[in-house]
Amino acid sequence: MPSRRQFVQQLSLLSIGGIVSPNIGIAQNRTGKIYTVTGAISANDLGVCLTHEHIMSNFGAERSYQPNYDVAALKAQALPYLKHIKSLGVASILDCTTAYFGRDVSLLKELSEESEIHLITNTGYYGAANDRYVPEHAYQETAEQLAERWINEFEQGIDQTGIRPGFIKIAADSGAVSDIDKKLMRAALQTSRATGLTIACHTGDNPAVPKLAQELMDEENVQPSAWIWTHAHQMKTSEELTGAAKAGMWISLDGLRIGGGDTEADQATLDRHLQHLLALKEQRLLSKVLISHDGNSFPRGGAIRPYEGIFTQFIPLLKENGFTKREINQLLVNNPQRAFAILE
Ligand SMILES: [Zn+2]
């Protein structure tokens, strides 16, 4: 029997833009667990999921482990927005803000409880932005030692809160992959191998990163399905994306940051994402794609960067371009389940 809350979530799934969960009325099979900030859930209960957003971040500020948010201001801005997002049918969000640039798991837990959205936090370090948010110890320690810290967050919980990460987030700068970014990649793979957590690696338009990832995966004995090419929409053409998807990696088209007032820029963003999706669909690779906005409901000192354009603009565009409800559902429900479930 589904709980009342699950039942209500299923009803709300029925109402968003005609998206229907394939799980309704079908016996649940063993598809693994996902660790949210309020505890483990069955991957079947993930629902409509945004796989790359920021509930809040300190991006732009100096590196610091303990973010110093104005909690009242944060809640006044982020909480009503999360409730609005829930009203659009979203059941869960992966928060991609890492330690040292604004992760606060206790605050995420409060926001999750008050908004009734599943929030999922991460372990790992952010190696983009010229390594500004990489802590000192990462330079001194080996990949194995870093992995030990991250595995410990999964096994023991983060900072005595009991809250466990539901995925690994790392990032690499553009150009040739630096030693520190390579070390983060290796540590992430070792963490994934030990925990089953999937790795979202901020990559953008740098195909050197997935190429190196493939080599490291062979060395570390990790399957490509544990790796997400994050910000893949930044590639100008789709060939490398279809190649990586064929090799088994996830492709994250997560830059649907629209609705900020610049309609020309919005159109270019929508078109870029659509073109990549059409190319992936043509190669029968939609089962390897995630979509999201990279929005932020409390960026440092700024207005909300909305994370709702998928529902207001992108889904209608997909329908106009021949995507079925089943395919749209695959992108927002089934693929996130498969990407992040930890099989037992
Ligand atoms: Zn991001």
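Let me begin with one residue, F59, which counts as partly exposed at 41% relative accessibility, and let me say straight away that what we are looking at is a predicted model. The ring of F59 is paired with the ring of Y133, and because their centres are 5.7 Å apart and their planes stand at 35 degrees, the pair is described as tilted. The two partners come from distant parts of the chain, since F59 lies in the loop between β3 and α2 while Y133 lies in the loop between β6 and α4, 74 residues apart. Unlike F59, which is partly exposed, Y133 is buried, with a relative accessibility of 1%.

That pair belongs to a wider group, for F59, F101, Y126 and Y133 form one aromatic cluster, and the structure as a whole holds 13 aromatic pairs. Another of the pairs joins Y69 and F298, whose ring centres are 6.2 Å apart and whose planes meet at 75 degrees, so this pair is edge-to-face. Y69 sits in the loop between β3 and α2 and F298 in the loop between β11 and α10, so the pair ties together parts that are 229 residues apart in sequence. Are these two residues buried or exposed? Both Y69 and F298 are buried.

Rings also meet charges here. The charged end of K288 sits over the ring of W250, 4.2 Å from its centre, and K281 lies over the face of F323, at 4.4 Å from the centre of that ring.

Now please turn to the sheet, which is open and has six strands in the order β6-β7-β8-β9-β10-β11, with parallel pairing. Which strands stand at the edges? They are β6 and β11, and each has a single partner strand, so one side of each is left without a neighbour in the sheet. Further in, β9 and β10 pair in the parallel sense over two bridges, and W229 stands opposite I251 in β10. Helix α9, residues 263-282, packs on this sheet, where it touches β10 and β11, and its direction makes about 155 degrees with that of β10.

Let me move on to the salt bridges, of which a search of the whole structure finds eleven. One of them joins K75 and E110, with the closest N and O atoms 2.6 Å apart, and it links helix α2 with helix α3, the two residues being 35 apart in the chain. Another joins D294 to R257, where the closest N and O atoms are 3.0 Å apart; D294 lies in the loop between β11 and α10 and R257 in the loop between β10 and α9, so parts 37 residues apart in sequence are tied together. D294 also forms a salt bridge with R305, at 3.8 Å between the closest N and O atoms. D294 is buried, at 9% relative accessibility, whereas R257 is partly exposed at 41% and R305 is partly exposed at 26%. Elsewhere, R186, R193, E219 and E220 are linked in a network of salt bridges.

I will finish with the backbone. Most residues other than glycine have a negative phi. D159, although it is not a glycine, has a positive phi of about 50 degrees, and it lies in the loop between α5 and β7. N221 has a positive phi too, near 60 degrees, and its place is in the loop between α7 and β9. As for accessibility, D159 is partly exposed, with a relative accessible area of 42%, whereas N221, at 62%, is exposed.

Technical notes
Residues numbered from 1 in each chain as written. Predicted model: local features only at pLDDT ≥ 70, side-chain atom pairs only at ≥ 80, totals over all residues. Heavy atoms only, no water. Helix = DSSP H or I, 4+ residues; strand = E, 2+ residues; numbered from the N terminus. Buried < 20%, exposed > 50% of the residue type's maximum accessible area, 1.4 Å probe, protein only. Phe/Tyr/Trp six-rings, centres within 6.5 Å; stacked < 30°, edge-to-face > 60°. Lys NZ or Arg CZ within 6 Å of the ring centre and 35° of its normal. Pairing = 2+ DSSP bridges. Contact = heavy atoms within 4.5 Å. Axes fitted to C-alpha atoms, helices over the stretch in contact; angles between N-to-C directions. Salt bridge = Lys/Arg side-chain N within 4 Å of Asp/Glu carboxyl O.
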